[in-house]
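Please work through the exercises below with the sequence and the structure open side by side. Try each task before you read its solution.

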Amino acid sequence: MKYQVILGLGSNRSFEGNTPLELLALSCIRLGEFIEDIEWSSVYRTEAMYVKAQDDFHNMAVTGIFEGSPRSLLEKIHIVEASFGRDRRREFRNGPRPLDIDIEVFGSEKVDEPDLQIPHPRMGERAFVLVPVLEVLKKNADAHKDSISLYEKKLSVLDGQRVDFALDSQDFGRLVYRLRQGGEKYGRDRKYGGKSGFTET
């Protein structure tokens, strides 16, 4: 079956010469390999929420159609994260990382497992998630009226969370295009190939 999914993305560390903003763009290229009709929000610069003593994050949201199970999507996301430097064995909870991708919504599915909860249990307390999620959903507002209303209510009661606009979705799309065409910054032995993603040389 195919499901409408919403993912939250964040980064506050560079990896192999790529800035957090570039890592978000590179990850969207990779996500586009298995998420159809992918759309992304603008990028926002946000203060770290749980562990303050670290650099600001760049956060955004993407939505699209995924064919498969929540578990299979999680596995694919973990591969993308690892390819851009995330190592869960060495990081500490809510600490700095080059790439973090959360499944916020997976259709109307509900999952409650030790390593996977859907909808994401902390989505409603995070302005850095709700702001970009609302932006991307409003691109097709008629289809998401109920969700938009729900998330707007949740966002309205959140105070003191800094979410600053960093890069609009069109300019982010240009960055994605540039990296897709070049990609020479991602590792010394890799280049981009095909419509999205990369191949080894």
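The exercises that follow concern strands, helices and cores in a predicted model.

**Exercise 1. Find the strands that pair with β1, and decide whether β1 is largely enclosed or not.**

Step one is to look at β4, which pairs with β1 in the antiparallel sense over 10 bridges; within this pairing, leucine 7 has valine 62 of β4 as its bridge partner. Step two is to look at β5, which also runs antiparallel to β1, here over 6 bridges, and in which valine 105 is the bridge partner of isoleucine 6. Step three concerns burial, taken as under 20% relative accessible area. Because 8 of the 10 residues of β1 are buried, this strand is largely enclosed by the rest of the structure.

**Exercise 2. Name the strands that are joined to β3, and give the residues that stand opposite tyrosine 44.**

Begin with β3, residues 43-46, and follow the 4 bridges that join this strand to β8, residues 163-167, in an antiparallel arrangement. Tyrosine 44 has phenylalanine 165 as its bridge partner in β8. Then turn to β4, residues 57-67, which is joined to β3 by 3 bridges and is likewise antiparallel; in β4, asparagine 59 stands opposite tyrosine 44.

**Exercise 3. Describe how helix α1 passes helix α2, and list the residues that make the contact.**

First locate α1 at residues 20-31 and α2 at residues 70-83, whose axes come within 10 Å and cross at roughly 145 degrees. The crossing is right-handed. Next, collect the contact residues, which are Ser27, Arg30 and Leu31 on α1, together with Ile77, Ile79, Val80 and Ser83 on α2. Sorted by class, they comprise 4 nonpolar, 2 polar and 1 charged residues.

**Exercise 4. Work out which elements build the largest nonpolar core, and place isoleucine 103 within its surroundings.**

The largest nonpolar core has 35 residues, and those with the most contacts inside it are Leu7, Leu9, Leu31, Met60, Leu73, Ile103 and Phe172. At least two residues of this core come from each of β1, α1, β4, α2, β5, β7 and α5, while α1 gives the most, with 7 residues. For isoleucine 103, set aside the neighbours within four places in sequence; the contacts that remain include Ile6, Leu7, Pro70, Leu73, Leu74 and Ile77, as well as Leu116 and Ile118. Finally, a second, separate core has 13 residues, among them Phe128, Leu130, Val136 and Tyr151.

Notes: Residues are numbered from 1 along each chain as its sequence is written. This is a predicted model: local features need pLDDT of at least 70, side-chain atom pairs count only at pLDDT 80 or more; totals for chains, interfaces and linings use all residues. Side-chain values use heavy atoms; hydrogens and water are left out. Axes are lines fitted to C-alpha atoms, for helices over the stretch in contact, and angles run from 0 to 180 degrees between N-to-C directions. A crossing is left-handed if the near helix is turned anticlockwise from the far one by less than a right angle, and right-handed if clockwise. Contact means heavy atoms within 4.5 Å. Ala, Val, Leu, Ile, Met, Phe, Trp, Tyr, Cys and Pro count as nonpolar, Asp, Glu, Lys and Arg as charged, and the others, Gly among them, as polar. Two strands pair if DSSP finds at least two bridges between them. A nonpolar core is a set of buried Ala, Val, Leu, Ile, Met, Phe, Trp, Tyr and Cys residues joined through side-chain atoms within 4.5 Å. Buried means under 20% relative accessible area, exposed over 50%, partly exposed in between (1.4 Å probe, protein chains only).
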